[in-house]
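Biologist: I'd like to learn how to read a fold from its coordinates. Could you walk me through one, feature by feature?

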Amino acid sequence: NKSLHKINLKESKSFSKLLKKGLLKLDNVVDFHGYRLNDAKIALKNFVIMSYKSNYKNILVITGKGQNNSGALKNELPNWLCQKEVSKYIISFMHAPKNLGGEGAVLIRVKNKNKSLA
């Protein structure tokens, strides 16, 4: 099972701390409760790309935890975020703090559209 920490762990930790202190705001939120896996995967890709094009930096994806904390969306989301067609738009991702959904949500830091995609 893939970890919910991608690439820049130090950046992710400071990102989380700033959000908890209220010094950063969420730019956009999507809730995938009730989505089927394939529909959620397509919607996630579109949401990340739209957020990138809109120059949103901090986005939240709500998956829910699923039954017994083992929901399919919760488990698949990290895999989708690591795929090249999505990962090229993001800096990092991690579980949201408790006040934003905890393990049932993922915070994503989106790249700046004014910088080249790597």
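Biologist: Let's start with helix α3: which of its residues are buried?

Modeller: Keep in mind that this is a predicted model. Helix α3 covers residues 72–82, and its buried residues are L73, K74, L77, P78, W80 and L81.

Biologist: How do I read a list like that?

Modeller: Here's the general idea: an α-helix has 3.6 residues a turn, so residues three or four places apart point the same way. In α3, the buried residues fall within an arc of 165° when you look down the axis, so they line one face of the helix.

Biologist: And what covers the buried residues of α3?

Modeller: The cover includes two helices, α2 (37–53) and α4 (84–87), along with the strands β2, β3 (90–95) and β4 (105–110).

Biologist: On to the sheet. What is the order of its strands?

Modeller: The order is β1-β2-β4-β3, in an open sheet of four strands with mixed pairing. β1 (28–31) and β3 are the edge strands; each has a single partner, so one side of each has no neighbour in the sheet. From one strand to the next, the twist averages 20°.

Biologist: How do β1 and β2 run, parallel or antiparallel?

Modeller: They run parallel, and four bridges join them. For a pair to look up, take V29, whose bridge partner in β2 is L60.

Biologist: Which helices pack on the sheet?

Modeller: α2 does, touching β1, β2, β3 and β4, and its direction makes about 165° with that of β2. α3 packs on the sheet too, touching β2, β3 and β4, with its direction at about 170° to that of β3.

Biologist: Now a side chain. Where is N58, and is it buried or exposed?

Modeller: N58 sits in strand β2, which spans residues 58–62. Its relative accessible area is 4%, and the cut-off for buried is under 20%, so N58 counts as buried.

Biologist: What lies 3.1 Å from a polar atom of the N58 side chain?

Modeller: That's the backbone oxygen of K25.

Biologist: One last thing: how should I read backbone phi values?

Modeller: As a rule, most residues other than glycine have a negative phi. Here, N55 has a phi near 60°, a positive value in a residue that isn't glycine.

Biologist: Where is N55 found?

Modeller: Look in the loop between α2 and β2. N55 is partly exposed there, with a relative accessible area of 27%.

Key:
Residues are numbered from 1 along each chain as its sequence is written. This is a predicted model: local features need pLDDT of at least 70, side-chain atom pairs count only at pLDDT 80 or more; totals for chains, interfaces and linings use all residues. Side-chain values use heavy atoms; hydrogens and water are left out. Buried means under 20% relative accessible area, exposed over 50%, partly exposed in between (1.4 Å probe, protein chains only). A polar contact is a pair of N or O atoms within 3.5 Å; within protein, one must be able to donate a hydrogen and the other to accept it, and residues adjacent in sequence count only if both atoms are side-chain atoms. The arc is that of the directions from the helix axis to the C-beta atoms. Contact means heavy atoms within 4.5 Å. Two strands pair if DSSP finds at least two bridges between them. Axes are lines fitted to C-alpha atoms, for helices over the stretch in contact, and angles run from 0 to 180 degrees between N-to-C directions.
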